[in-house]
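Colleague: Give me a close look at the largest pocket, please, and carry on into the charged side-chain pairs once you're done with the lining.

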Amino acid sequence: TQDIVITAAHCVFSDDTRSEMASITFTPAYDDGDAPFGVWEAEDWWYPEQYITANDRWLDGQDDNGWMGFDFAFMRMAPNAQGQEIEDVVGGQGVSFQAETNGVVLVGYPGDPAPFDAEVQRFCADSTVTYGVGGDPNLGVDCAMGSGASGSGWVTDVDPATGAGYIVAVYSNGGSDEAYGPPLGVTAYAGLVELQSGG
């Protein structure tokens with residue numbers, strides 16, 4: 001539908017208020033205050049109910065971090081002032097729901113540790129992707145992205161000539177030298193179909 005953006009569920013749902021964000025914007029290719037493609041407003045979004053259920057248990061102090069396996073969301077962006085859809089302006093990636101692990105490239109805006117400041121786009125690539133990190137159904141790579149990279153797409157099978165590939169996961173969290181992301185599967189596919197159909 002040329003108007004969908006993927007992110008992390010914790011980017012659209014606040015742990016502080018335990019409710020959805022009131023509004024969400026996205027600034028493609030943001031660079032130290034510059035917005036070359038404008039700022040886009042999300043008009044609707046979807047995230048898994050499993051994320052909310054497991055996250056509530058975790059916030060209540062129970063030993064349950066199962067939310068990590070469902071930390072993904074989709075947003076439908078409103079057209080810009082010229083009536084253009086976001087993909088018509090900035091392009092897009094494919095999406096794979098089969099947990100492909102043919103290496104990945106992550107692109108995001110890490111805010112820590114120094115010298116990261118969340119103002120400049122950074123990337124990390126790893127040819128080796130592990131599964132079941134920390135006992136959770138997450139993918140893992142040796143990338144230190146840090147806070148601010150949340151929701152960044154993990155793109156596999158990247159064509160070096162065009163930069164196009166397939167998103168297989170999103171950045172959820174990480175350690176000092178690792179990044180973790182839930183692989184997209186049947187739950188994500190059903191959510192994307194629901195959002196695209198206006199449900």
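Modeller: Start with strand 1 (residues 4-7), which gives the largest share of the lining of the largest pocket, four residues. Strands here are DSSP runs of E with at least two residues, helices are runs of H or I with at least four, and both are numbered from the N terminus. Keep in mind that this is a predicted model, where local features need pLDDT of at least 70 and side-chain atom pairs count only at pLDDT 80 or more, while totals for chains, interfaces and linings use all residues. Residues are numbered from 1 along each chain as its sequence is written, and side-chain values use heavy atoms, with hydrogens and water left out.

The pocket holds about 1,500 Å³ of space. Its lining counts 49 residues, and Val 5, Ile 6, Phe 26, Gly 153 and Ile 167 sit closest to the centre. By pocket I mean an open set of points on a 1 Å grid over the protein atoms alone, where a 1.4 Å probe fits and protein lies on both sides within 12 Å along at least five of seven lines; a lining residue has an atom within 4 Å of a point. The volume is the space filled by probe spheres set on the points, which are joined across faces, edges and corners. Chemically, the lining splits into 27 nonpolar, 19 polar and three charged residues. Charged means Asp, Glu, Lys and Arg, nonpolar means Ala, Val, Leu, Ile, Met, Phe, Trp, Tyr, Cys and Pro, and the others, Gly among them, go down as polar.

Now the charged pairs: there are four salt bridges in the structure, each a side-chain nitrogen of Lys or Arg within 4 Å of a carboxyl oxygen of Asp or Glu. One of them joins Arg 18 to Asp 56 at 3.6 Å, N to O. That pair spans 38 residues, from the loop between strand 2 (13-14) and strand 3 (19-20) to helix 1 (residues 49-59). Arg 18, Asp 56 and Asp 60 are also linked in a network of salt bridges.

Arg 76 bonds twice: with Glu 43 at 3.4 Å, N to O, and with Asp 44 at 3.5 Å, N to O. Glu 43 is in strand 5 (residues 40-46) and Arg 76 in strand 6 (residues 73-77), so this pair ties together parts 33 residues apart in sequence. Arg 76 is buried at 15% relative accessible area, whereas Glu 43, at 47%, is partly exposed, as is Asp 44 at 22%. Buried is under 20%, exposed over 50% and partly exposed in between, with a 1.4 Å probe and protein chains only.
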